[in-house]
Amino acid sequence: MIHYTLRCGNGHSFDSWFRNSDAFDQLAAAREVLCPHCADHRVERGIMAPNVVSSRNRAVAPVEGEAAPAPAEPTAPSETPAATEPTPAQMRQMLREMRRMVEQTHTYVGPAFAEEARKIHNGEVEHQPIYGEATPAEAEALAEDGISVARMPWVPINDA
Ligand SMILES: [Zn+2]
């Protein structure tokens, strides 16, 4: 499962869970991801924090019955207008903005990420949003223990 903060065309933001990023793309393309506030289908992914950990029952868990439109099974793939695909430059810009946001709102724990995530999950330290680096194996192990993390490309803040 993957957690996204989404934003609709009218500026509402809400959280939802998807089986994986492909599932989100398909549902969004089929206009089946609707804003819970105004039913707008122009929904975009907002911030996807890198390696943000949250134990399932805490802060970032989906709000039952409020947001989170239940993702239906993807229907037949519908046309994805190429015009709406962001250009690589736009993608980099989006990723840079995400990075800035994460840096402002999360505590950097570096390579100790997996360890810190586990401590938070186990209640050994106070729950807080963190980010850092983890190997794919570490991320896998966290997922197996029910600790959800999000990954994102960590782009340089300035164009090289
Ligand atoms: Zn809305």
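So, to start: what covers the buried residues of H2? Strand E6, residues 130-132, is part of the answer, and I'll get back to that helix in a minute.

First, the ground rules. What we're looking at is a predicted model. The mean pLDDT of the protein chain is 76, with 75% of the residues at 70 or more. Watch out for residues 54-69, though: pLDDT is below 50 over that stretch, and beyond near neighbours in sequence it has 31 contacts in the model. I'll leave that part alone today.

Okay, the overview. The protein chain has four helices and seven strands. If you walk along the sequence, the pattern goes β-β-α-β-β-α-β-α-β-α-β. Of the 160 residues, 22% are buried. And if you take the contacts between residues at least 6 apart in sequence, 67% of them join residues at least 24 apart.

Let's begin at the N-terminal end, with the sheet. It's an open one with three strands in the order E2-E1-E3, and the pairing is antiparallel. E2 and E3, the latter being residues 44-45, sit at the edges with a single partner strand each, so each has one side with no neighbour in the sheet.

Now the pairings themselves. E1, residues 2-7, runs antiparallel to E2 over six bridges. One of the partnerships there is Leu-6 with Phe-14 of E2. On the other flank, E1 and E3 are also antiparallel, over two bridges, and Arg-7 has Glu-44 in E3 as its bridge partner. The hairpin that links E1 to E2 has five residues between the strands, and in it Gly-11 takes a positive phi near 90 degrees.

E2 is a nice one to look at from both sides. In a regular strand, side chains alternate between the two faces of the sheet. Here, Phe-14, Ser-16 and Phe-18 make up the covered face of E2, while Ser-13, Asp-15 and Trp-17 are on the uncovered one. Yes, that puts a serine on the covered face and a tryptophan on the uncovered one.

Which elements do the buried residues of H1 pack against? E1 and E2. H1 is residues 21-29, and its buried residues are Phe-24, Gln-26 and Leu-27. They span an arc of only 165 degrees around the axis, which places them on the same side of H1. Over on the other side, Ser-21 and Asp-22 are exposed.

Just after H1 comes a bit of backbone to check. Most residues other than glycine have a negative phi. Arg-31, which follows H1, has a positive phi of about 60 degrees without being a glycine. Ala-39 does that too, with a positive phi of about 60 degrees, and it isn't a glycine either. Arg-31 lies in the loop between H1 and E3, and so does Ala-39. Are they buried or exposed? Arg-31 has 12 C-beta neighbours inside 10 Å, so it counts as exposed; Ala-39 has 10, so it counts as exposed as well.

Back to H2, then, residues 88-105. Quick sanity check on the geometry: at 1.5 Å a residue, its 18 residues should span 26 Å, and the end C-alpha atoms are 26 Å apart, so that agrees. Its buried residues are Met-98, Arg-99 and Val-102. They take up an arc of only 105 degrees around the axis, so they're on the same side of H2. The face turned away from that buried side carries Ala-89, Gln-90, Arg-100 and Gln-104, which are exposed.

Last topic, the cores. The largest nonpolar core has 13 residues. Inside it, the ones with the most contacts are Phe-113, Ala-114, Ala-117, Ile-130, Leu-142 and Val-149. H2, E6 and H3, residues 113-121, are the elements giving two or more residues to this core, and H3 gives the most, with four. Apart from that one there's another core, of ten residues, including Leu-6, Cys-8, Phe-18 and Phe-24.

You've met some of those names already: Leu-6 is the one bridged to Phe-14, Phe-18 is on the covered face of E2, and Phe-24 is among the buried residues of H1. That's it from me.

Technical notes. Residues are numbered from 1 along each chain as its sequence is written. This is a predicted model: local features need pLDDT of at least 70, side-chain atom pairs count only at pLDDT 80 or more; totals for chains, interfaces and linings use all residues. pLDDT is the predictor's confidence in each residue, from 0 to 100. Two residues are in contact if their C-beta atoms, placed from the backbone, lie within 7 Å. A residue is buried if 20 or more other C-beta atoms lie within 10 Å of its own, exposed if 12 or fewer, and partly exposed in between; C-beta atoms are placed from the backbone. Two strands pair if DSSP finds at least two bridges between them. The expected span of a helix is 1.5 Å times one less than its number of residues. The arc is that of the directions from the helix axis to the C-beta atoms. A nonpolar core is a set of buried Ala, Val, Leu, Ile, Met, Phe, Trp, Tyr and Cys residues joined through C-beta atoms within 7 Å.
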